[in-house]
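Please report on the strands, the helices and the open space of this chain. Keep it brief.

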Amino acid sequence: MSNETTKASEERMKKSIASLKETFASIRTGRASAGVFDKIQVNAYGTPSPLNQVANVSVPEARLIVIQPWDKALIGEIEKAIRSSELSLNPSNDGKLIRISIPPLTGERRKELQKQARASAEQCKIAIRNIRRDGNDELKRLLKNGVITEDDETKNAAELQKLTDSYCDQAMNVLDEKDKEIQTV
């Protein structure tokens, strides 16, 4: 039973790391990436829809993104959604395609992005530590109810701590990769 607690905690920790990677994908650096548009919602026929469900997003060059709507009637709505997003991008369209040139980052913007990335990584580490706390609480409950022994509780608490350390290290590695990307672009 206690092993199930550890496995459930590990699954939740994996999801925290996946969420951090998703967050980092949406942070725009000076390099073009289709991932920055994942959270953009387009008003398609009166219904908010994710951009990738109403258009094809491609990256033909390092600093260029091309968006091809499946219905050309949505081109204005797509453009409006991009302009109103917090990405600070200026799309241009020719009636068929939307082209977005990605400007290089300023030094100030790099620092701002690094600060944002560090805050996201710290939130991820807090979530991981909260998962450890929940797992430890569950182990204590199982011990109190006589489902596991003190030795099992101690062994599984140590395993949870190892998992916590490992996933916090993973979060820092993901942050280091994003930091390098922000600095080198």
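A pocket here is an open set of grid points where a 1.4 Å probe fits, with protein on both sides within 12 Å along at least five of seven lines. The model is a predicted one.

**The pocket**

By that definition, the largest pocket has a volume of about 300 Å³. Its lining counts 16 residues; closest to the centre are Ser-26, Val-36, Lys-39, Glu-86 and Leu-87. Two elements give two or more residues to this lining: helix 2 (75-84) and helix 3. Helix 3 supplies the largest share, 3 residues. By class, the lining of the largest pocket holds 6 nonpolar, 6 polar and 4 charged residues.

**Helix 3**

Helix 3 covers residues 107-144, which makes 38 residues. How far apart are its end C-alpha atoms? They are 55 Å apart. At 1.5 Å a residue the helix should span 56 Å, so the two values agree. Gly-146 follows helix 3, and its phi is positive, near 80°.

Lys-125 sits in helix 3. Is Lys-125 buried or exposed? Its relative accessible area is 16%, and buried means under 20%, so Lys-125 is buried. Which residues does Lys-125 touch, leaving aside its neighbours within four places in sequence? The contacts of Lys-125 are Cys-168, Ala-171 and Met-172.

**Strand 6 and its partners**

Strand 6 runs over residues 98-101. Two strands pair with strand 6, as the table shows.

| Partner of strand 6 | Sense | Bridges | Residue opposite Arg-99 |
|---|---|---|---|
| Strand 4 (residues 64-69) | antiparallel | 4 bridges | Val-66 |
| Strand 5 (residues 92-93) | antiparallel | 2 bridges | Ser-92 |

Arg-99 of strand 6 thus has Val-66 opposite, and Ser-92 also stands opposite Arg-99. Strand 5 and strand 6 form a hairpin, with 4 residues between them. In the turn, Gly-95 has a positive phi of about 95°.

Now the faces. In a regular strand the side chains alternate between the two faces of the sheet. Which residues of strand 6 form its covered face? They are Ile-98 and Ile-100. Arg-99 and Ser-101 make up the uncovered face of strand 6.

Methods: Residues are numbered from 1 along each chain as its sequence is written. This is a predicted model: local features need pLDDT of at least 70, side-chain atom pairs count only at pLDDT 80 or more; totals for chains, interfaces and linings use all residues. Side-chain values use heavy atoms; hydrogens and water are left out. The expected span of a helix is 1.5 Å times one less than its number of residues. On a 1 Å grid over the protein atoms alone, a cavity is a set of points where a 1.4 Å probe fits but cannot get out, and a pocket is an open set with protein on both sides within 12 Å along at least five of seven lines; lining residues have an atom within 4 Å of a point. Grid points are joined across faces, edges and corners, and a volume is the space filled by probe spheres set on the points. Ala, Val, Leu, Ile, Met, Phe, Trp, Tyr, Cys and Pro count as nonpolar, Asp, Glu, Lys and Arg as charged, and the others, Gly among them, as polar. Buried means under 20% relative accessible area, exposed over 50%, partly exposed in between (1.4 Å probe, protein chains only). Two strands pair if DSSP finds at least two bridges between them. Contact means heavy atoms within 4.5 Å.
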